[in-house]
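The following paragraphs move from the overall dimensions of a protein to individual strands and then to a single side chain. Please keep the sequence and the coordinates in view while reading.

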Amino acid sequence: MSINSFDNYPMSWKPDLSRASGPKYLALVSLMEDDIKNGTLKAGTKLPPQRELADYLNVNLSTISRAFKLCSQKGLLSASVGNGTYVCADVTAETVLLCGRENPRMIEMGALVPQVSGNRLAKSYTERLLKRPDALNLFSYDDPEGTGLQREAGVAWFQKSGFHTDKEHVLLAAGGQNALTASLGALLERGNKLGTDPLTYPGVKNAAKLLGIHLIPIQNNGYEMTEEGIRYAIQNERIKGIYVIPDYHNPTSHIMPLETRKMIAGLAREKNILVIEDGINNLLAENPLPPIASFAPEQVIYLSSLSKTIAAGLRTAYVHVPDQYHRGLATALYSMNISISPLLAAVSAGLITDGIADEIIWGRKEELRRRNHVISQSLKGFVLDCPPTSPMRYLRLPDYFTGKSFEICARQAGVQVYGAERFSVGNKPAEKAVRISVITPPSMKDLEEGLRRLGGILQYSI
């Protein structure tokens, strides 16, 4: 029996293991998953201390510790030193962010997918490529790390961002998510901790959950990491590295200033930590700032894909990889892909070297300027200011909305947007905000109709 009586003792969670079979720690995990699904355990709930729960259940402390560790790896719990263990704020949020095709009446302003009308130049180049005598080779296997010409194209792609590397430090991946997942799997171990912004790209959350990596929110000021926050997480949370999106941060659209980039690079060198820098939106900026990798190339994995700038279906990413990480990341990419698509890699390289990519990017920016102007006028007072070529906007909501509740209201009005809960890391309540896509609606008419419907919800609720 437990030493103490818990009959009238207030506890946030009182699981019942009386009918459990098999290992008790696994039964406890199952109970926690069930209670989260049925609403007994709500997002942000602080759980009882492990010793207290062990005493209540009359089990060894190690049983509770194993259960909590497994739940953390599943993305259910968030713990911080000296602050206890909480149910994650995003525990019931959907993290798959792709366009839905099942409802043609829905105006998609959630997923970030460039309009297909902008793919004309990529299509024309591909058609010419397929008429070459050696085109059949594009449907076979190729060098797992990419050919020399393809990696040279990656070097040229990075140079557009002001980052200079060489082809010996470039790998190819099947898109940015593929590169990100391979980086986490190759360079971190199950149970390791990775620092992120309190709001971050859901793709890194999904990959971390898959690999059993704990994401730790780093203290922010003005939507960017602080030096004090990173140092604290290194010393107290024992993070192994950080994941950052410096340009048009997802979901806030914030652009990290040069001083912060240099600060992160300096800390990476000083503390010998890994930085995974996601440069997916860098080339959409009007005057792209140098990546963090420019200031610490030996510490930074720099990812840059073509999905937001050229074409969403052109699943090609270039990865700058330092010497110390090269073998591990190359092996992970081989294990996941065997080979990247020679066809997509060849198309990507050709678009870059022939200058067609620059023309496509210019067109994307022009369209983004027009659309952002309309959004700023239509949702004035709610949408945060940002540079004019942002592919997304962050919408602050009245206090009586949550991101999730507004997302539901918008869906009922025929518009898909994404609440801040989808992007939250850790246990703090998500901001009352949603992210809306600038680039996804097929036409300006669709965008304007979506904004009219969203504006109606906001004005009606005031």
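Accessible areas come from the Shrake-Rupley method with a 1.4 Å probe, and for residues only the protein chains shown count as cover. On that basis the protein exposes about 20900 Å², of which carbon and sulfur atoms supply 51%. The structure is a predicted model, in which local features need pLDDT of at least 70 and side-chain atom pairs count only at pLDDT 80 or more, while totals for chains, interfaces and linings use all residues. Residues are numbered from 1 along each chain as its sequence is written, and side-chain values use heavy atoms, with hydrogens and water left out.

The protein has 14 helices and 14 strands; these are DSSP runs numbered from the N terminus, helices being H or I over at least four residues and strands E over at least two. Its radius of gyration is 23 Å, close to the 23 Å that the globule rule gives for 462 residues, so the protein is as compact as a globular protein of that length. The radius is taken over C-alpha atoms, and the rule is 2.2 Å times the number of residues to the power 0.38. Along the principal axes, the C-alpha atoms fill a box of roughly 80 × 55 × 45 Å. Of the 462 residues, 54% count as buried, meaning under 20% relative accessible area (exposed is over 50%, partly exposed in between; 1.4 Å probe, protein chains only).

Strand β7 (residues 241-244) is covered on both faces: G241 and Y243 on one side, and I242 and V244 on the other, are all buried. Two strands pair if DSSP finds at least two bridges between them. Strand β5 (residues 193-196) pairs with β7 in the parallel sense over 2 bridges, and G195 has I242 of β7 as its bridge partner. Strand β8 (residues 274-278) also runs parallel to β7, joined by 4 bridges; here I242 is partnered by V275.

An antiparallel arrangement is found for β11 (residues 392-396) and β14 (residues 433-437), which 5 bridges join. Within this pair, R393 stands opposite I436 in β14. Strand β11 is mostly covered, with 4 of its 5 residues buried.

Where does F163 lie? This residue belongs to the loop between α5 (148-159) and β4 (170-173). F163 counts as buried because its relative accessibility is 2%. Leaving aside residues up to four places away in sequence, F163 touches F158, P291, A293, S294, P297, Y302 and H320, where contact means heavy atoms within 4.5 Å.
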